[in-house]
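Student: I should like to learn how to read the contacts, core and pockets of a protein model. Where should one begin?

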Amino acid sequence: MKKVLFTTLAVAFSLLVMAQEKTKQKEVGLSFSNLDEFGITYKVGTQKAMWRFNTLLLTGGKTTMKYPEQAKVINNNFGFDLMVGREYRTSIDDNFEFRCGFDIVYGYSSVKREDKTSLDTQDWMTTKKSTSKYGFNFVLGFNYTINHKLVLGAEVLPGINFQDGEVKESYNYGNINDETTDISGFNYGLKNSYALLTIAYRF
């Protein structure tokens, strides 16, 4: 996972350096997926073509549930997506733009659950699921500009993504045991989570 993340960041930095060479237009703002996941978007280039850099921050947090018999369950979760790509624009009129292009995608998520039973037995179980995904998305969308500065955007991102990871289980019910299960798979197509809304400032 570290190698993939390092490679993604290196590619993003290289593209950013190239994009700065002949910059005529920049946009920075917020992106939203499903209205409950948000991130930062930065674009740089010309009126016809721009490099895209998106960081989508997924909801993270911690929840603790306590029960009368002195048992409790603790849940922790965290995740993010990084997307780097290129988009091409065509003006429809003074305010509307059609956009198409592609993104290279990397994502990481971690979910940890801790179950602790009564203080008399000291039994416990911990489950941690960590997954990485990487893939390629097509970009299809529109922009609406207000006073040539504020940009409202909507896009869909059909594509294909691969994932790998593992589930680690540790538990103590008289004896301490550890188990690890590998995860792998892929998905493709278009669904609600592949839609993105953006609001950005152009300068």
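Tutor: One begins with contact, which means heavy atoms within 4.5 Å. In this predicted model, local features need pLDDT of at least 70 and side-chain atom pairs count only at pLDDT 80 or more, while totals for chains, interfaces and linings use all residues. Residues are numbered from 1 along each chain as its sequence is written, and side-chain values use heavy atoms, with hydrogens and water left out.

Student: Among contacts between residues at least 6 apart in sequence, what share joins residues at least 24 apart?

Tutor: The share is 60% in this chain.

Student: Which elements does the chain contain, and in what order?

Tutor: Helices (H or I, at least four residues) and strands (E, at least two) are DSSP runs, numbered from the N terminus. Here there are one helix and 11 strands, and the order from the N terminus is α-β-β-β-β-β-β-β-β-β-β-β.

Student: How is a nonpolar core recognised, and which residues form the largest one?

Tutor: A nonpolar core is a set of buried Ala, Val, Leu, Ile, Met, Phe, Trp, Tyr and Cys residues joined through side-chain atoms within 4.5 Å. Buried means under 20% relative accessible area, with a 1.4 Å probe and protein chains only. The largest core has seven residues: Leu56, Met83, Val105, Val139, Leu157, Tyr194 and Leu196. Leaving aside residues up to four places away in sequence, Met83 touches Val105, Leu157 and Leu196, among others.

Student: What fraction of the chain is buried?

Tutor: Of its 203 residues, 35% are buried.

Note on methods
Buried means under 20% relative accessible area, exposed over 50%, partly exposed in between (1.4 Å probe, protein chains only).
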